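Notebook open, coffee poured. I'm going through this one piece by piece and jotting down what I look up.

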Amino acid sequence: MRKRALPIRAAAPVALAAAGLLLTGCGTTPAPVAPAGTAAPKAEGPKAAATLGGPGSACALPVSFGLAEKWEPEAIDDPENPEFAALTRQGPAVIRCEVDAKPAGHIGYLRIWTADKGPARAALEGFVKGAKNTSKVAYGETAAGALPAVEVTYTVSVELTEESKEERAFAVSTPKGVVIVHLGGLDSDEHRAMIPAYELAKSTLKAL
């Protein structure tokens with residue numbers, strides 16, 4: 001099982017920009033974000049090349065779902081360490097796993113967070129409020145596999161570039177707590193290109 005030596009957002013903004021990670025963001029001003037809960041464009045979606053979350057997978061999670069080809073998961077090392085709380089927590093959620101899209105040709109991640117038992121919407125709203133510089137926030141009801149889910153789309157203003165980019169996430173309640181699956185991206189173009197992999201995760205999700 002591979003683990004990230006450092007939690008995400010551990011680097012300073014300038015270092016993140018140099019590394020080309022999600023927290024920078026560049027590119028053109030995005031088009032309006034589609035309302036949450038709406039389906040992704042009906043292009044031919046990717047097939048699951050692996051399953052994340054089940055026995056023997058890279059990340060121990062309360063759910064499992066299919067991963068698109070070449071997307072590489074890594075568990076977050078010691079996410080409960082209070083020393084890194086500012087880096088590994090967002091609102092009520094703690095990051096557990098990061099799935100890197102770079103091997104598949106995109107600059108972005110799926111990030112999987114967990115929160116205590118409770119309503120999925122409350123956890124997702126707290127998660128979004130824990131982010132910085134958000135706007136155009138829209139929630140909607142959807143489904144993740146056979147589970148009811150809540151989804152949000154929003155934009156994030158990136159101070160370093162003074163531009164905005166699209167992000168989205170969905171949340172489900174499970175007997176082991178709420179799970180939030182979040183998709184970011186270097187910019188809105190990268191984000192949109194990765195939506196099929198996000199939709200694959202959502203459509204194949206199962207509680208464990």
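Where does aspartate 78 lie? I found aspartate 78 in the loop between strand E4 (72–76) and helix H2 (85–88). Note to self: this is a predicted model.

**Entry 1: odd phi values**

I went to aspartate 78 for its backbone. Its phi is positive, about 55°, although the residue is not a glycine. I also checked exposure: aspartate 78 has a relative accessible area of 39%, so I log it as partly exposed.

Asparagine 133 went on the list too. Its phi is near 55°, again a positive value in a residue other than glycine. I located asparagine 133 in the loop between H3 and E8. At 35% relative accessibility, asparagine 133 counts as partly exposed.

**Entry 2: E8, E9 and E10**

Next I followed the chain into strand E8 (residues 134–144), which is joined to E9 by 9 bridges, with the two running antiparallel. One partnership I wrote down is glycine 140 with glutamate 151 in E9. E8 and E9 make a hairpin with 2 residues between them, and in that turn glycine 145 has a positive phi of about 60°.

On to E10. E9 and E10 pair over 9 bridges in the antiparallel sense. They form a hairpin as well, with 4 residues between them, and glutamate 162 in the turn shows a positive phi of about 55°.

I picked threonine 153, which sits in strand E9, for a closer look. Which residue of E10 is the bridge partner of threonine 153? I get arginine 168. The two are 15 residues apart in sequence, yet their C-alphas are 4.3 Å apart in space.

Is threonine 153 buried or exposed? The relative accessibility is 2%, and the cut-off for buried is under 20%, so threonine 153 counts as buried. For strand E9 (residues 147–158) as a whole, I count 9 of the 12 residues as buried, so the strand is largely enclosed by the rest of the structure.

**Entry 3: helix H4**

H4 covers residues 188–204, 17 residues in all. From first C-alpha to last, H4 reaches 24 Å, close to the 24 Å expected at 1.5 Å a residue. I still ran the axis check, and there is a kink of about 40° at methionine 194, shortly before proline 196.

What caps the N-terminal end of H4? That would be aspartate 187, with a side-chain oxygen 3.2 Å from the backbone nitrogen of aspartate 189. I then went through burial in H4: the buried residues include His191, Met194, Ile195, Tyr198 and Leu200. Charged names turn up in that list as well, among them Glu190, Glu199 and Lys202.

**Entry 4: aromatic pairs**

How many aromatic pairs are there? My count is 2. In one, the rings of tryptophan 113 and phenylalanine 127 have centres 5.1 Å apart and planes at 70°, so I file the pair as edge-to-face. It links distant parts of the chain: tryptophan 113 is in strand E7 (residues 109–115) and phenylalanine 127 in helix H3 (residues 120–129), 14 residues apart. Both tryptophan 113 and phenylalanine 127 are buried.

Phenylalanine 170 and tyrosine 198 also form an edge-to-face pair, 5.6 Å centre to centre with 70° between the planes. This pair ties strand E10 (residues 163–174), home of phenylalanine 170, to helix H4, home of tyrosine 198, across 28 residues. Phenylalanine 170 and tyrosine 198 are both buried.

**Entry 5: the disulfide**

I found 1 disulfide in the structure. Cysteine 59 is joined to cysteine 97, S to S 2.0 Å. The angle about the S-S bond is 65°, and the link is right-handed. Cysteine 59 is in the loop between E2 and E3, while cysteine 97 is in strand E6 (residues 93–100), 38 residues apart. Cysteine 59 counts as buried at 1% relative accessibility, and cysteine 97 counts as buried at 0%.

**Entry 6: the three-stranded sheet**

In what order do the strands of the open sheet of 3 run? I read E2-E3-E12, with antiparallel pairing. Strand E2 (48–52) and strand E12 (206–207) stand at the edges with a single partner strand each, so one side of each has no neighbour in the sheet. Strand E3 (residues 63–68) is joined to E12 by 2 bridges. I noted that valine 63 has alanine 207 as its bridge partner in E12.

Note on methods. Residues are numbered from 1 along each chain as its sequence is written. This is a predicted model: local features need pLDDT of at least 70, side-chain atom pairs count only at pLDDT 80 or more; totals for chains, interfaces and linings use all residues. Side-chain values use heavy atoms; hydrogens and water are left out. The expected span of a helix is 1.5 Å times one less than its number of residues. The bend at a residue is the angle between axes fitted to the seven residues ending there and the seven starting there. Buried means under 20% relative accessible area, exposed over 50%, partly exposed in between (1.4 Å probe, protein chains only). A polar contact is a pair of N or O atoms within 3.5 Å; within protein, one must be able to donate a hydrogen and the other to accept it, and residues adjacent in sequence count only if both atoms are side-chain atoms. Rings of Phe, Tyr and Trp (its six-membered ring) pair if their centres lie within 6.5 Å; planes under 30 degrees apart count as stacked, over 60 as edge-to-face and the rest as tilted. Two strands pair if DSSP finds at least two bridges between them. A disulfide is a pair of cysteine sulfur atoms within 2.5 Å.
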